[in-house]
Amino acid sequence: MLKTLCLAVTFLLLLTAAAPPAAAPSFRIAKLHYGGGGDWYANKTSLPNLIRFCNQTLSTNMAPDEATVELDSPELLSYPFVHMTGHGNVLFSDAEAKNLRRYLMGGGFLHIDDNYGLDKFIRPEMKKVFPELEFVELPFSHPIYHQKFQFPRGLPKVHEHDGKRPQGFGLLYKGRLVCFYSFECDLGNGWEDLGTYPEDTPATHEAALKMGANLVSYALTQD
């Protein structure tokens, strides 16, 4: 009996030694911590769910949990995709606006998700970052809607607020989309755990995740 147990343990150790080690994550995405008192920390389960979905469907190798990064941090420049959300007030200092501009001009990508109420705050703050640019609504033919998943009618509608249609706005710097702003959509709510919002269906959750995967895919592959 002891001999059999020893052989079994030895075999298990050999299997463990032979198994290839799990690949270390290639990169991490981040949630933006901004000032002004708004709830930048909203939707706690959204990014982990999106990361898991992207790793499964796009074969990305992202770290399973997002980082949190502040606007004036030099670490901002190390994230290829940064997500920003909230309902309330947003305030960028001059130094923060300058660092965000540097990040976006240098190849970074910012996704702003209006969690209802963000619009009147974020537009003037992004003007500090790019005074020369205006948000423009992207046409449904834009590649961001046609990555792995097809959205011929643009953003999916996750939650209803004011009876407005969902819109995807962009800031384009020298022809490159540096910021995508999802408005009247609640995309990040759709990424959260099923059951967080009882009215959300599995189909709504899946559509939101697919659109989120398109954002990540586009951010990682655009020129």
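Where is the place of Glu184? In this predicted model, Glu184 sits in the loop between strand E7 and helix H5 (187-191). The report returns to this residue below, after the overall fold.

## Overall architecture

The protein has six helices and seven strands. In sequence order, these elements follow the pattern α-β-α-β-β-α-β-α-β-β-β-α-α. Along the principal axes, the C-alpha atoms fill a box of roughly 75 × 40 × 35 Å.

Of the 223 residues in the protein, 49% are buried. Among contacts with a separation of 6 or more, 74% join residues that are 24 or more positions apart.

## The annotated domain

An unreviewed UniProt entry carries the annotation "domain: DUF4159" for residues 28-220. In the model, the span 28-220 is 31% helix and 18% strand. The C-alpha atoms at the two ends of this span lie 12 Å apart.

## Nonpolar cores

Nonpolar side chains in soluble globular proteins tend to be buried together. The largest nonpolar core here has 33 residues, and those with the most contacts inside it are Phe92, Leu100, Leu110, Ile112 and Met126. Both helices and strands contribute to this core: strand E1 (30-33), strand E2 (67-70), strand E3 (82-86), helix H3 (94-105), strand E4 (110-114), helix H4 (119-129), E6 and strand E7 (176-183) each supply at least two residues. A second core, separate from this one, has 29 residues and includes Ile51, Phe180, Ala208 and Val216.

Phe92 has a broad list of partners. Leaving out residues up to four places away in sequence, Phe92 touches Tyr34, Leu71, Met84, Ala97, Leu100, Ile122, Glu125, Met126, Lys128 and Val129. Two of these partners, Leu100 and Met126, are also named with Phe92 among the residues that have the most contacts inside the largest core.

## Cys54 and Asp39

Cys54 lies in helix H2 (residues 46-57). Cys54 counts as buried because its relative accessibility is 0%, and the cut-off for buried is under 20%. Beyond residues up to four places away in sequence, Cys54 touches Ser59, Thr60, Met62, Ala213 and Val216. One of these, Val216, belongs to the second core. Cys54 and Leu209 are 155 residues apart in sequence, yet their C-alpha atoms are 8.4 Å apart in space.

Asp39 is in the loop between E1 and H2. At 17% relative accessibility, Asp39 also counts as buried. Its contacts, not counting residues up to four places away in sequence, are with Tyr34, Thr85, Gly86, His87 and Gly88. Tyr34 is also touched by Phe92. Asp39 and Pro143 are 104 residues apart along the chain, and 31 Å separates their C-alpha atoms.

## Two residues with positive phi

Most residues other than glycine have a negative phi. Two exceptions in this model are Glu184, with phi near 55°, and Tyr116, with phi near 85°.

Both are loop residues: Glu184 follows the position already given, between E7 and H5, and Tyr116 lies between E4 and H4. Their surroundings differ in exposure. Glu184 is buried, with a relative accessible area of 3%, whereas Tyr116 counts as partly exposed at 35% relative accessibility.

## An exposed arginine

Arg153 is found in the loop between strand E5 (136-137) and strand E6 (167-173). Arg153 is exposed because its relative accessible area is 72%, and exposed means over 50%. Met211 is 58 residues away from Arg153 along the chain, and their C-alpha atoms are separated by 12 Å.

## The cavity

How many cavities of 30 Å³ or more does the structure hold? The structure holds one, with a volume of about 40 Å³. The residues that line this cavity are Asn189, Gly190, Glu192, Asp193, Leu194, Gly195, Thr196, Tyr197, Asp200 and His205.

By class, the lining divides into two nonpolar, five polar and three charged residues. The charged residues are Glu192, Asp193 and Asp200, and the nonpolar residues are Leu194 and Tyr197. Helix H5 (187-191) covers the positions of two lining residues, Asn189 and Gly190.

Key
Residues numbered from 1 in each chain as written. Predicted model: local features only at pLDDT ≥ 70, side-chain atom pairs only at ≥ 80, totals over all residues. Heavy atoms only, no water. 1 Å grid on protein atoms, 1.4 Å probe; cavity = no way out; pocket = protein on both sides within 12 Å on 5 of 7 lines; lining within 4 Å. Points joined across faces, edges and corners; volume = space filled by probe spheres on them. Helix = DSSP H or I, 4+ residues; strand = E, 2+ residues; numbered from the N terminus. Buried < 20%, exposed > 50% of the residue type's maximum accessible area, 1.4 Å probe, protein only. UniProt positions renumbered as here; feature names shortened; annotations may be inferred. Core = buried A, V, L, I, M, F, W, Y, C linked by side-chain atoms within 4.5 Å. Contact = heavy atoms within 4.5 Å.
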